[in-house]
Amino acid sequence: MPAGQNSAVEMGTALRIAGVGPRSRCALSTFRCTLSRAAGQPNKHHARHFGGLFRSSPTSPPLSSRHTSRQFLYPTNRTIRALSGQPLPQRRSPFLNFAYRTAAILGTGVGFIGVLFAAFFVYDATTYKESIDIGDCNVSQFALEPRRGGPKNLPIVEAMLDDDESEIAKERKTKPRLVILGSGWGSVALLKQLNPDDYHVTVISPKNYFLFTPMLPSATVGTLEFRSLVEPIRRILSRVNGHFLRATAEDVEFSHKLVEVSQTDASGKVVRFYVPYDKLVIGVGSVTNPHGVKGLENCHFLKDVNDARRVRNQVMRNVELACLPTTPDEERKRLLSFVISGGGPTGVEFAAELFDLLNEDLTRSFPRLLRNEISVHIIQSRSHILNTYDEALSKYAEERFARDQVEVLTNSRVKEVKPDRIVFTQKAEDGSLVTKELPMGFCLWSTGVSQAELCQRIAAKLGPAQTNRHALETDTHLRLNGTPLGDVYAIGDCATVQNNSADNVISFLRGLAFKHGKDPETLELTFSEWRSVASEVRRKYPQAVSHLKRLDKLFEAFDKDQSGTLSIGELRELLKQIDNKLTSLPATAQRANQQGIYLAHKFNKLAHCAPGLSRNEVIDGDVDAACYKAFEYHHLGSLAYIGNSAVFDLGSGWGFTGGIWAVYAWRGAYFAQSVGFRTKFLMMMDWLKRGLFGRDLISF
């Protein structure tokens with residue numbers, strides 16, 4: 001028998017001994033047939049083909065490589081005998097195999113977690129310092145003994161204690177002085193986007209932390225801890241190597257470019273001094289609007305962490321007092337009556353969080369009687385709660401509260417808040433006012449905002465340039481009206497953007513007419529000239545863009561005499577109608593955040609353009625408008641939590657509601673807006689802790 005056939009026979013024998021199945025045997029038979037053809041009865045075409053593989057040529061591989069190719073085509077007996085047709089022996093049962101694999105996976109996971117723990121402890125060990133770093137440091141004489149000056153002859157802080165610590169700090173001291181008043185949303189957004197090397201930054205605020213205000217109602221009932229909502233302002237300032245002064249801004253001397261600051265020293269004495277600036281950003285926020293109601297000392301507010309702590313303590317105190325056997329029934333009902341004055345997002349979300357606490361946690365740890373006698377009431381002056389949202393979303397929230405037995409009293413106004421009850425008037429169906437009283441053990445006042453004391457002083461000092469009683473007025477570049485251009489800016493709740501395109505454009509056209517020797521009252525604008533005016537309005541007032549889409553129709557509508565031109569009177573009427581359609585920007589964290597980012601980008605651009613402007617001796621004038629565009633607010637939607645569900649108002653009639661999945665979407669939106677990884681991690685741990693162990697029913 002030829003050698004090739006002998007090899008094929010031996011291979012078949014080996015496969016039968018090994019127990020290869022029919023399918024495998026069929027596949028291997030093809031390989032055996034190929035071997036037999038190559039060895040015993042070669043096809044001429046195949047022989048010619050394989051012969052070409054081994055034909056020597058100048059580019060053919062060496063002898064060892066050809067030998068390897070021969071072994072691959074004609075396997076040796078030893079290689080053939082290694083193949084077997086028998087199934088592999090099963091040493092363990094399928095159950096044991098599954099158990100071993102599961103144990104291997106779990107062991108790998110446990111090992112990975114162990115490695116993470118070991119890495120954490122190694123890192124933690126490196127954070128401790130045993131040696132003390134003490135050495136010489138350079139401190140400016142002006143920082144230790146500031147000179148006096150200004151209108152009140154107060155110390156002027158021209159240098160900080162660490163301005164001379166290093167060469168980099170000395171160089172930064174020569175940069176323009178940027179002073180920021182406040183540590184809220186606008187200020188933090190500005191600090192996070194500002195170029196570190198362009199300005200000498202100083203933040204002045206009575207609070208040394210940034211507060212994540214949208215989640216503050218969750219902290220009042222223990223869903224989130226207070227520390228999860230705050231970020232140290234010095235940690236945020238470290239990015240721009242800035243300075244922080246924990247003090248209160250009392251006044252601003254615009255002519256001297258000085259901010260008057262006060263602080264109480266260790267002996268209780270009030271110390272006042274000046275902080276100079278080249279650019280000043282006012283972002284001091286707002287205070288709660290009392291609306292002239294009596295007895296607000298009997299109410300709680302929700303503007304700060306301390307307010308949330310007091311609210312939490314009062315809620316738990318009322319519940320604990322209601323548990324005492326000596327508490328009469330009427331007193332127990334009064335203690336468990338919680339009233340929220342104001343149906344805006346803050347009041348609605350607090351009512352929802354309070355209901356969750358009472359419904360989910362108190363029933364497990366307190367007597368069942370308490371749950372039957374607890375009542376939550378919302379007093380709203382408008383016809384719906386969440387009146388700035390779409391009406392369908394407001395109705396959904398009201399229906400949700402009605403299902404949860406949260407009473408919503410619409411068309412009602414509070415007259416007086418007494419220690420044990422609240423007096424309010426409610427409009428009846430016939431339009432008459434009915435005075436009612438509601439026993440209460442707790443009242444939260446959340447009815448809008450008003451100016452802080454500093455803003456009131458500034459508005460009074462600037463006189464006719466500030467006509468708004470609720471906020472400081474700025475132009476579209478966020479510059480404070482009545483102050484030198486490019487010196488003072490105002491952002492956040494303390495400011496509002498003034499929309500007076502009619503007066504500004506008319507004044508501009510009057511000046512242009514006088515320049516060309518024409519009477520402004522007889523000025524007539526053709527359609528092409530009207531297009532140029534509209535383009536200027538779009539540039540200076542970006543919020544008016546949506547009202548200037550069809551210029552031809554506006555031109556035809558206000559061309560009353562059909563003369564084909566617009567007179568000054570007709571143009572003024574057209575622009576005033578556009579001004580009336582422009583609404584004030586909402587006093588929300590979203591608006592303040594966008595304004596802070598806008599100012600940071602503008603300041604970065606101004607610092608970049610400063611050398612060129614100085615070389616061209618461009619000092620005065622509208623430098624902001626020359627270097628950067630006007631501020632344009634983009635509404636990204638409004639969210640509200642209403643008790644195991646949430647509503648989303650995306651604007652322009654778009655919105656949606658939902659249950660638990662919407663709650664997770666609401667959490668995710670605010671989780672993404674958190675300023676740092678630390679607060680994100682703490683918020684995630686608090687939500688996990690609430691799900692596993694419930695809320696902490698403690699007061700401290």
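Here a colleague and a modeller talk through a predicted model of one protein chain.

Colleague: Happy to have a look with you! How many helices and strands does the chain have?
Modeller: Please keep in mind that this is a predicted model. The chain runs to 700 residues, and buried residues make up 44% of them. As for its secondary structure, the count is 25 helices and 28 strands.

Colleague: What share of the contacts between residues at least 6 apart in sequence join residues at least 24 apart?
Modeller: Contact here means heavy atoms within 4.5 Å. Taking the contacts in the chain between residues at least 6 apart, those that join residues at least 24 apart make up 64%.

Colleague: Let's turn to the sheets. Which strands stand at the edges of the five-stranded open sheet?
Modeller: The pairing in this sheet is parallel, and the order is E7-E4-E3-E11-E22. An edge strand has a single partner strand, so one side of it is left without a neighbour in the sheet. That description fits strand E7 (243-246) and strand E22 (488-490).

Colleague: Inside that sheet, which residue of E4 stands opposite Leu 181?
Modeller: Strand E3 (residues 177-181) runs parallel to E4, and five bridges join them. On its other pairing, E3 meets strand E11 (residues 279-282) over four bridges, with Leu 178 opposite Lys 279. For Leu 181, the residue opposite in E4 is Ile 204.

Colleague: Are the faces of E4 covered or uncovered?
Modeller: In a regular strand, side chains alternate between the two faces of the sheet. In E4, one side carries His 200, Thr 202 and Ile 204, the other Val 201, Val 203 and Ser 205, and all are buried. That agrees with the count for strand E4 (residues 200-205), where six of six residues are buried. Both faces are covered.

Colleague: Now the other sheet, please. Which helix packs on the sheet ordered E15-E14-E13-E19?
Modeller: This open sheet has four strands with parallel pairing. Its edge strands are E15 (406-409) and E19 (442-445), each pairing on one side only, and the twist averages 15 degrees from one strand to the next. The helix touches strand E13 (337-341) and E19, and its direction makes about 160 degrees with that of E19; it is H12 (residues 305-322).

Colleague: Which residue in E15 is the bridge partner of Ile 379?
Modeller: Ile 379 belongs to strand E14 (residues 375-379), which pairs with E15 in the parallel sense over four bridges. The bridge partner of Ile 379 in E15 is Leu 409.

Colleague: Is Arg 371 buried or exposed?
Modeller: Arg 371 lies in helix H15 (residues 368-373). Leaving aside neighbours within four places in sequence, Arg 371 is in contact with Phe 355, Leu 358, Asn 359 and Thr 363. Its relative accessible area is 19% and the cut-off is under 20%, so Arg 371 counts as buried.

Colleague: One last thing, about the surface. What is the area of the nonpolar patch that includes Phe 120?
Modeller: Phe 120 has its place in helix H6 (residues 94-126). At 46% relative accessibility, Phe 120 counts as partly exposed. The other residues of the patch are Phe 112, Ile 113, Leu 116, Phe 117, Phe 121 and Tyr 123, and its area is about 810 Å².

Technical notes: Residues are numbered from 1 along each chain as its sequence is written. This is a predicted model: local features need pLDDT of at least 70, side-chain atom pairs count only at pLDDT 80 or more; totals for chains, interfaces and linings use all residues. Side-chain values use heavy atoms; hydrogens and water are left out. Two strands pair if DSSP finds at least two bridges between them. Helices (H or I, at least four residues) and strands (E, at least two) are DSSP runs, numbered from the N terminus. Axes are lines fitted to C-alpha atoms, for helices over the stretch in contact, and angles run from 0 to 180 degrees between N-to-C directions. Patches are made of residues with over 30% relative accessible area and no salt bridge: like charges are joined within 9 Å, nonpolar side chains (Val, Leu, Ile, Met, Phe, Trp, Tyr) within 5 Å. Accessible areas come from the Shrake-Rupley method with a 1.4 Å probe; for residues, only the protein chains shown count as cover. A salt bridge is a side-chain nitrogen of Lys or Arg within 4 Å of a carboxyl oxygen of Asp or Glu. Buried means under 20% relative accessible area, exposed over 50%, partly exposed in between (1.4 Å probe, protein chains only).
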